[in-house]
Each structure stands twice: as C-alpha cells, then as structure tokens.
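Dear colleague,

I am passing a structure on to you, and below it I have set out what was found in it. Please read the notes with the sequence and the structure open beside them.

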Amino acid sequence: MGTIAMDDHTKHPLLVLDGVSKHFGGVQAVSDVSFSIPQGRITGLIGPNGAGKTTLFNLISGTILPSSGTILFAGRDLTRLPPQTRSRQGMMRTFQNLSLYPELSCLENVTIGANAWYRPGLLSLVRPGGGSIEHTIMTQAREHLDLVGLADKSELPPDALSYGDQRRLEIARAMMGNPQLLLLDEPAAGLNNQESQELAELLLALRKETGLTILIIEHDMDVLMTVSDMVLVLVEGQLLLENTPRKVQQDPRVIEAYLGREG
Ligand SMILES: Nc1ncnc2c1ncn2[C@@H]1O[C@H](COP(=O)(O)OP(=O)(O)OP(=O)(O)O)[C@@H](O)[C@H]1O
C-alpha cells in the first residue's frame, strides 16, 4: 500500500531477520539476531568457531526452526516454512562439505538443482506436449556449467575435477534453482590461493550478471574482503556488529573476539 517511499535511496530488503534465537537444550546457539540484507548485496558472515554461523544458515534455509523470532524473505514470512518452499521461492544454498553425487556426471549434478522449481506432475500439465522440459533443463544446466567455467567438463564425474572446480560445480547446481538469494557456507574451504581468488571473481561476476544477493560464511579473509559489501560479525550467538570489510578488520572488538577464543 505504498509504504515504501519512492525517493527512499535504501533498497528494498530481500532478507530480514528480526529477533531470531535458537537454543539446543541449554546451549544458546543464536541469540536475538536482527539484520536485513538488500537485494544485490554480498554480505559476509564471520565469527569464531562455535559462534552460531551454521546454525544461522540452517535457520534461514529452514532445516531447523527458530526458538523465537521472524524471518522474512522477499516480503514473505518464511519462519515456519519447510526448506523446499524456501528454495522454490528463490533461496538456494551450498554446504560446508561438498554434497555432490559421485555416480552422476557434472552436467547431471547441475540438473539436480532444478528440483527447486521442477515438479514433474505440475509442469506436464502446464506444458502439455509443448517441447521437452528435460531438454530445457539440460540446456540450462549446460549454460550454468558454462557460467562457472566448467563447460568442457560436463560429462566427467565430479571426482575427476579439482577441489576448486567441485566447489564451482556446487555453485552451478545452486544457480540452477534460479535463486534470488544464494547462501554459501565456506565456499573457499580447502582451496589454494589461486582457486580462492578465482572463486571470489566468480561470485562478483555472478552478482554482476544476475543481480544475485549472496550471504557467505567464509574464514578466508582475502575472499571475504574481495567480495563483501558488508560483513556481519557473530560472537557467541549474538550479532556483535555490521560494517564494511575494512572497518570490521580494524575493529578492536573483532580482534578481541578472535584472540579471546584462541587464548
Ligand atoms: N544440533 C545441535 N545440538 C546441540 N548443540 C548444537 C547443535 N548445533 C549447533 N550446536 C551448538 O551451537 C553453537 C553454535 O554452533 P555453530 O555450528 O552454529 O557455530 P559455527 O559458528 O558455525 O561454528 P564453526 O565455525 O566451527 O562451523 C555451538 O556451541 C554448537 O556446539
């Protein structure tokens, strides 16, 4: 009802967390976390081990439900909706550990991402005899392999790829779901310096080409500094601060939080 002022220079938020908490028995993993992410922004999520980053990702993608609080995505309340509904609405994720299918080719692995929107029963009704949806999926999968630079590896099994390329393959599969929001859980883990830098460039290119919004957990500071517009710092389940990567790196509270953990 015209609640957004047309001259408002702040972009409409794609993802909004409002007072989100999660406890596992006596462990307060995420505590009263609120933030919002505008469309097209790349946001880094950092924090010492056990800070609650993965729990927060699981809450956003819906594999676990919050103890309290609200999660809005594209203006809709998704707090209690299952992961499949969230991916259908444009939220895709990759995992800390690779989750590729070794018995399938790279191309077939990418097609799996279409599960986010392809429900055979429904589509066969919508497109009666109107060309093959399988053909469309294969074509899109090839385009996404090309997008991440793996066009020439389509028939290989994922195990034949370098670790860096396997990470790219996972991203291609997530992109196959036509996401508005991509959640990346440590995509540079296990990559060498060159692979990490190439990954950072890929993420920036994806954002440029598709207007994608990305939330990324990443321990590799070089990657984080390269790709992030803003960084959220989580410590002991609480949001300590949100600022630009440079400001975050220099913030004594952040340094203290990391050193405090190591000491
Ligand atoms: N299913 C669970 N049951 C009980 N406790 C859990 C569960 N999942 C997470 N926790 C606890 O919640 C806290 C936050 O864990 P989480 O894995 O979210 O942190 P993290 O920031 O992702 O850590 P890391 O950087 O090591 O991956 C930890 O104390 C962890 O032990």
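The ligand in this predicted model has around it Phe24, Val27, Ala29, Gly47, Asn49, Gly50, Ala51, Gly52, Lys53, Thr54 and Thr55. Two elements give two or more residues to this shell, namely strand S2 (27-38) and helix H1 (53-61), and H1 gives the most, with three residues. Sorted by class, the residues of the shell are four nonpolar, six polar and one charged.

Both of those elements also belong to the next part of the picture, which concerns a sheet and the helix on it. The sheet is open and has four strands in the order S2-S1-S4-S5, with antiparallel pairing, and its edge strands are S2 and strand S5 (76-77), each of which pairs on one side only. As a general point, the strands of a sheet pair through backbone hydrogen bonds, in either a parallel or an antiparallel way.

Taking the pairs in that order, S1 and S2 run antiparallel and are joined by eight bridges, with Lys22 standing opposite Val30 in S2. These two strands form a hairpin with two residues between them, and in its turn Gly25 has a positive phi of about 55°. On to the next pair, S1 and S4 are also antiparallel and are joined by five bridges, and here Val16 stands opposite Leu72 in S4. Strand S4 (residues 68-73) then pairs with S5 in the antiparallel sense over two bridges, where Leu72 stands opposite Asp77 in S5, so that Leu72 is named with a partner in S5 as well as with Val16 of S1. Helix H1, which was met above at the ligand, lies across strand S1 (13-24), S2 and S4, and runs at about 60° to S2.

A second group of strands pairs in the parallel sense, and strand S7 (residues 181-185) is the one to look at here. How many of the residues of S7 are buried? Five of the five are, so this strand is largely enclosed by the rest of the structure. Leu181, Leu183 and Asp185 point one way from S7, while Leu182 and Leu184 point the other way, and all of them are buried. This can be set beside the general rule that side chains in a regular strand alternate between the two faces of the sheet.

S7 has pairing partners that you may wish to find in the view. Strand S6 (residues 91-94) runs parallel to S7 and is joined to it by four bridges, with Arg93 opposite Leu183 in S7. Strand S8 (residues 213-217) pairs with S7 in the parallel sense over five bridges, and the bridge partner of Leu184 in S8 is Ile216.

Finally, there is the division into domains. The protein is divided into domain 1 (13-90 + 179-262) and domain 2 (102-119 + 129-176), and 25 Å separate their centres, taken over C-alpha atoms. Eleven residues of domain 1 are in contact with nine residues of domain 2. On the side of domain 1 that touches domain 2, the elements that give two or more residues are helix H2 (83-88) and helix H7 (193-210), and H7 gives the most, with four residues. The residues on that side of domain 1 divide into six nonpolar, two polar and three charged.

With best wishes

Definitions and conventions. Residues numbered from 1 in each chain as written. Predicted model: local features only at pLDDT ≥ 70, side-chain atom pairs only at ≥ 80, totals over all residues. Near = placed C-beta within 6 Å. Nonpolar A, V, L, I, M, F, W, Y, C, P; charged D, E, K, R; others polar. Domains from an automatic or database assignment. Contact = placed C-beta atoms within 7 Å. Pairing = 2+ DSSP bridges. Axes fitted to C-alpha atoms, helices over the stretch in contact; angles between N-to-C directions. Buried ≥ 20, exposed ≤ 12 C-beta atoms within 10 Å, placed from the backbone.
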